[in-house]
Amino acid sequence: MEKSLNWREFIITRLIKASGYSAILFVALIFFFLVREGLPTLGEVELKSLTGTRWYPIEDYFGILPLITGSLIITIGAGLIAVPFGIGTAVYISEIAPRWVREILKPLVELLGGLPSVVLGFLGILVLSPFLRVFLDLPTGLTALAGSILLGAISVPTVVSVAEDALDSVPRSYREGAWALGATRWQTIWRVTLPAARSGVLTAVMLGVGRSIGETMTVMMVTGNAPVLAVKLGSIFSPVRTMTATIAAEMGEVANGSTHYHVLFFIGMVLFLISLAVNIAASSVVFRARKRAERILS
Amino acid sequence: MKRIFTLNRHLSQRIGFTAITLMAFATVVPIVATIIYILIQGAPSISLEFLTAYPYDGMRAGGILPAIIGTLYLTVGTAIFSVPLGIAAAIYLSEYASDTPLTRTIRIAIINLAGIPSVVYGLFGLGLFVLFLNFGTSILAASLTLSIMTLPIIISTAEESLRSVPQAFRTVSISLGATRWQTIRRIVLKEALPGILTGVILGLERAAGETAPILFTGAAFFLPRLPGSPFDATMALPYHLFVISTQVPEMPIQIQYGTALVLLVFVLSMNLIATFIRSRARARRQW
Amino acid sequence: MYKIIIENLSIQYSDGTESLRNISLNIRDKAVTVLFGPAGGGKSTLLRCLNRLNDLTEVSNSSGRVLIDGENILDPKTDVIALRRKVGMVFARPVVLPLSIRGNLTYGLELAGETRRSVLDEAVERSLKLAAIWDEVHDRLDDPAIALSGGQQQRICLARVLALQPEIILLDEPTSGLDPISTGKVEAALIELKKEYTVILVPHSVQQAGRTADHAAFFLQGELVEYDEGKKLFTAPKEKRTEDYITGRFG
């Protein structure tokens, strides 16, 4: 009996360890397949064409610059919405709201995180963009602005939950110290709590932004999908097209192994590297903050 | 002088609090409004036929049964792969791993998995499962793709839940002659179960609502029948909503809202169950 | 007769905190041996060494031998599971497992593969009686153990160890969180126990050490300062440092 117990324990332990390591394997596999299918692009498309301003695959124009600027303008727009509203909501939930309000608001914000992006895109088409077209008197409501607003909404839950965690982990004694010195609660929030939680808040912002760069369905449905270079301020009111939407819209129609196919994977590779950079930066902020805390404590 | 100063401080606090409160409500009210709006717009089109019939007339009439069943299949398929793997990985991180470079690499990998755009998962699924492993555009390929996407959500919530079980339980169990795995199975997992379940449901909720990862791995535009095996492609609610709201001309608006409503109810009921389990477990917890 | 023979035992944690330096100590069968001294002196480390609970903490360095019934338990080939069944431990804070009262009592036996209901029931009753808590809980064995008071929980923890029919019982400040009445009950149970078991106690006060000790060992900063019969050590200590501690001049 003891012998069989040892064997079972041994096998289960091995399985559990393998599961833990599998996370690394998956990231490596994802990167490997993106490179495998995406890298041939560099042999098939001239670098000059790839960095061009014209995306028109049928005639072999593979300039990804308009797609990058499209992603960029929408992400910036979404950030301008999600960061203030997300941090504001986090501050409200963690510092101001009475307990019962908090108990209602937190699940509601999580609910927003659970709304499928197609549903938001669907409402974007039927409600938001007609409204924007009439209200701003545009030729079409399917614009970068519509995408930014909805993407902002999609990133808010990420920003709120991470920022709220950070605010929550600020020791209560910090706040009590500030109150004892005669600071109002408002002053305490601005001068003590938020600064103390700043690395966590920064992480929240980065993760929120990362979320918006990667969002696909909503932007594909509401941004009008025009691959034009969006570098002017007015571009926010015209249709654009993002990297993610391009992959989603065109991958279904290309022949496997064609140049177009490889370019779409190449774009996927760029997206992967962007998210890798954002996430490693975000987590290193957290690590560094923790290290500093350990140094202070020891 | 001093009085004015105090007055100002309190005035600025009042203004600040009001502004922040308004912001919070500006965030939350549209969420509620969105849900209510879809409920109202979609409710009239819900009928037994809508839920149990096949679409016909180019999907402009009939029901959405294959999409509902397809989403169920994908959700269950995702669960089969991601739940055991995710929980096992969480057990590794919480119970076995010490702070080594390897463990830190695993954590960074998980954070990165969580951040990879959903459409990139779709590309990966196409490259690995559909083409390389030759599963074809199928439920299997789509479920596997969704599983890997869901994994970080399950791992991080499950790990948090495992870590919240007091260390003393483990020490006591070991001191009574339990092995590490016996301790985990009989005490730690049992106590962490509600939290793990919450994480699993939230992960699957995400999988059920996603479109981009299944676009080129398993979703079918239209199928006049239900999929017969894991190697068949399938319709799915989110993809169906995308199709009928952007790809089909002269699509009756009622069917669109009806489909959105069914998808929303599917996903939100999972969310409510998760929230319920969590709050009940918190209330009952005695340590 | 000596049950446990400790020879030149040294232990150091990797974070450099508590440690033991060259301890040699012989512990008698069927008696209460008390390990006492100021916090950080190495008493708990020694206790946790005797059933290899130290395996869970990061020990950087250990040398020497610990013989129980003539076998060196620090040998890597030791069956640790069997050892822990033979050497039971009660902790400072009463930690009942999140199970019923009965579940707590049968936990160790079930792990050992015991499934016969009659054996389990017999063990529950016997050990609850030994720990002097049978009268208080016999009619609600299926209630969650967490609902009991702290003093009752601590006696459940003791009973839980007794259910395994160990040979040695280690108690690490078992009464530190208890009121005087509960403390009295636990101490009374210890006096009963030494008829059958080897009991090693880290007391939570010098007074308790004096009340319970057949033999006593005084530890200071990882060193064994003095070891003698309880009566002698508490009335006429040989070492100045022992005397200072007992009379309350430091620590």
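Me: A residue is buried if 20 or more other C-beta atoms, placed from the backbone, lie within 10 Å of its own (12 or fewer is exposed, in between is partly exposed). How many residues of strand 3 of chain C are buried?

Reply: A welcome note first: this is a predicted model, where local features need pLDDT of at least 70, side-chain atom pairs count only at pLDDT 80 or more, and totals for chains, interfaces and linings use all residues. Residues are numbered from 1 along each chain as its sequence is written, while chains are lettered from A and ligands numbered from 1 in the order in which they are written. Strands are DSSP runs of E with at least two residues, helices are runs of H or I with at least four, and both are numbered from the N terminus. Strand 3 of chain C, residues 32–36, is mostly covered, and the buried count is five of its five residues.

Me: Which residues of strand 3 lie on the two faces?

Reply: Both faces of this strand in chain C are covered. V32(C), V34(C) and F36(C) are buried on one side, and on the other are T33(C) and L35(C).

Me: Which strands stand at the edges of the sheet in chain C?

Reply: Strands pair if DSSP finds at least two bridges between them. Strand 3 pairs in the parallel sense with strand 8 over three bridges, and four bridges join strand 3 to strand 9, also parallel. The open sheet has the order 6-7-8-3-9-10, with mixed pairing. Two strands have a single partner each, so one side of each is left without a neighbour in the sheet: these are strand 6 and strand 10.

Me: How are helix 8 and helix 11 of chain B oriented to each other, parallel or antiparallel?

Reply: Their axes, lines fitted to C-alpha atoms over the stretch in contact, are 9 Å apart. The angle, which runs from 0 to 180 degrees between N-to-C directions, is about 170°. Angles over 145 degrees count as roughly antiparallel. Helix 8 and helix 11 of chain B are therefore roughly antiparallel.

Me: Which helix gives the largest share of the side of chain B that touches chain A?

Reply: Residues are in contact if their C-beta atoms, placed from the backbone, lie within 7 Å, and 65 residues of chain B are in contact with 66 of chain A. Eight helices of chain B, among them helix 3 and helix 8, each supply at least two residues of that side. The largest share, 16 residues, comes from helix 1.

Methods
Parallel < 35°, antiparallel > 145°, perpendicular 65-115°, else oblique. Contact = placed C-beta atoms within 7 Å.
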